[in-house]
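Colleague: Please take a close look with me at the place where the ligands sit, and go slowly enough for a first-year student to follow along in the picture.

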Amino acid sequence: MAIKTHSTLLMTGAAGGLGAAMRSRLKQNCDVLRLSDRAATRDTLGSAKPGEEIVLADLAQAHEVEAAVQGCQAVVHFGGISVEGPFEPILQANILGMYNLYEAARKHGVRRIVFASSNHVTGFYRQSETITTSHPPRPDSLYGVSKAFGEDLSRMYFDRYGIETACVRIGSSFPEPKDRRMLASWLSYDDLHRLIVACLSTPVLGHSIVFGVSDNAVRWYDNSGARHVGFVPQDSSDVFKEAVYARTPEPDLNDPAVQYQGGGFLFSGIPMTAHKKGS
Ligand code: NAI
Ligand code: 15L
């Protein structure tokens, strides 16, 4: 989708999996794509191609984030810790980093942000439930809590300062679904790109929550509360179903990773209580 949404677009987390996948795609949607990530990722990012700029920044460092944001009209925010783990790095990158990003956006007049939130904000809903964008968060991990914080922080910046944000609760965005759970949560890279462009280009975004999944047959999410975003997924995990079933074992229905939408994230990081683990 070649529609130009903004002149200079900042993409944080540009050296990560989704950053790499969106780098060529988002180039069509702006005059200048500014890529940002931690200094340690310099080699992964390589040099700036035509129509690109690179501004390295640690999200935990306010002045570095300001330098990355200055001169941009919109941001696609992929940067941060992307899995469950020790709290300190999550605190620095996802919580302090989110605050630094929104303060920089406020100071430098950024009007719209696409925030890579996560299905783990609602990971403690069961796989037998269908949830809407209005269901309360039920994070399954410290990582999920940090994304819920990001959603609330961005809401405050919308209510106070009018900065519009799409909190995209990405399911599982990889080249293909890795397991049976991902048949429900999978988001193709092309659908992710469609979703980002929809968020950047819809006339009125406000503060919106959108589930980022493809048009999969098995679905836990009802996106009808986000129709104004105009995201119409065009891919489906169904084409991978046979292969995924052939290479993965029968699910154990007593396993919380099978019962809950958050899957394996329920077990990583801080210990689970006996209540959730056992029965
Ligand atoms: P990734 O881990 O491959 O990329 C994250 C990037 O953020 C990395 O390049 C890393 O260097 C950067 N980063 C981490 N801490 C930083 C800091 N303090 N300062 C600056 N940069 C920092 O993750 P991936 O898969 O590309 O995901 C991108 C975003 O989307 C993440 O925020 C993740 O939480 C979110 N997401 C991804 C999903 C997926 O299926 N890939 C699903 C749900 C959410
Ligand atoms: C996420 O939030 C992670 O960033 C990603 O690595 C996947 O694990 C995904 O969720 C998932 O739930 O499959």
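**The ligand site and what lies behind it**

Modeller: Let us begin with arginine 38, where a polar side-chain atom lies 3.2 Å from an oxygen atom of ligand 1, a polar contact in the sense of a pair of N or O atoms within 3.5 Å (within protein, one must be able to donate a hydrogen and the other to accept it, and sequence neighbours count only through side-chain atoms on both sides). Please keep in mind that this is a predicted model, in which local features need pLDDT of at least 70 and side-chain atom pairs count only at pLDDT 80 or more, while totals for chains, interfaces and linings use all residues. Residues are numbered from 1 along each chain as its sequence is written, chains are lettered from A and ligands numbered from 1 in the order in which they are written, and side-chain values use heavy atoms, with hydrogens and water left out.

Two further side chains also reach ligand 1. In aspartate 37, an N or O atom of the side chain is 2.6 Å from an oxygen atom of ligand 1, and in lysine 147 a polar side-chain atom lies 2.9 Å from an oxygen atom of ligand 1. On its own, ligand 1 has 820 Å² of accessible area, and the protein covers 88% of it (Shrake-Rupley method, 1.4 Å probe; for residues, only the protein chains shown count as cover).

If we now widen the view to the whole shell, 27 residues surround ligand 1, and the closest are Leu18, Asp37, Ser82, Tyr143 and Ser173 (a residue counts if one of its heavy atoms lies within 4 Å). By character, this shell divides into eleven nonpolar, twelve polar and four charged residues, where Asp, Glu, Lys and Arg are charged, Ala, Val, Leu, Ile, Met, Phe, Trp, Tyr, Cys and Pro nonpolar, and the others, Gly among them, polar. Helix H1 (17–27), strand E5 (112–118) and helix H5 (142–161) each supply at least two residues of the shell (DSSP runs numbered from the N terminus, helices being H or I of at least four residues and strands E of at least two). The largest share, three residues, comes from E5.

Next comes ligand 2, whose surrounding residues include Ser118, Asn119, His120, Ser172, Arg181 and Phe265. Ser82 and Tyr143, which we met among the closest residues to ligand 1, belong to the surroundings of ligand 2 as well. The shell around ligand 2 divides into four nonpolar residues, six polar ones and one charged. Oxygen atoms of ligand 2 lie 2.6 Å from an N or O atom in the side chain of serine 172, 2.7 Å from an N or O atom in the side chain of arginine 181, and 3.0 Å from a polar side-chain atom of asparagine 119. Of the 310 Å² of accessible area that ligand 2 has on its own, the protein covers 82%.

Behind the site, it helps to look at valine 121, which has its place in the loop between E5 and strand E6 (131–132). Valine 121 counts as buried because its relative accessible area is 0% (buried is under 20%, exposed over 50%, partly exposed in between, with a 1.4 Å probe and protein chains only). Leaving out residues up to four places away in sequence, valine 121 touches Pro137, Arg138, Pro139, Gly144, Lys147, Ala148, Glu151 and Arg169 (contact means heavy atoms within 4.5 Å). One of these partners, lysine 147, takes us back to the oxygen atom of ligand 1 that lies 2.9 Å from it.

Threonine 12, in strand E1, is likewise buried, with a relative accessible area of 5%. Its side chain reaches the backbone nitrogen of glycine 79 at 2.9 Å, and its contacts beyond four places in sequence are Ser36, Val75, Val76, His77, Phe78 and Gly79.

Val76 and Phe78 lead us into the largest nonpolar core, which has 33 residues and in which Met11, Met22, Val76, Phe78 and Ile196 touch the most other members (a set of buried Ala, Val, Leu, Ile, Met, Phe, Trp, Tyr and Cys residues joined through side-chain atoms within 4.5 Å). Among the elements that each supply at least two residues of this core are E1, H1, E5 and helix H7 (189–201), and H7 gives the most, with seven residues. Isoleucine 196, apart from its neighbours within four places in sequence, is in contact with Met22, Leu26, Val76, Phe78 and Val114. A second, separate core has 21 residues, including Ala105, Leu153, Cys167 and Ile209.
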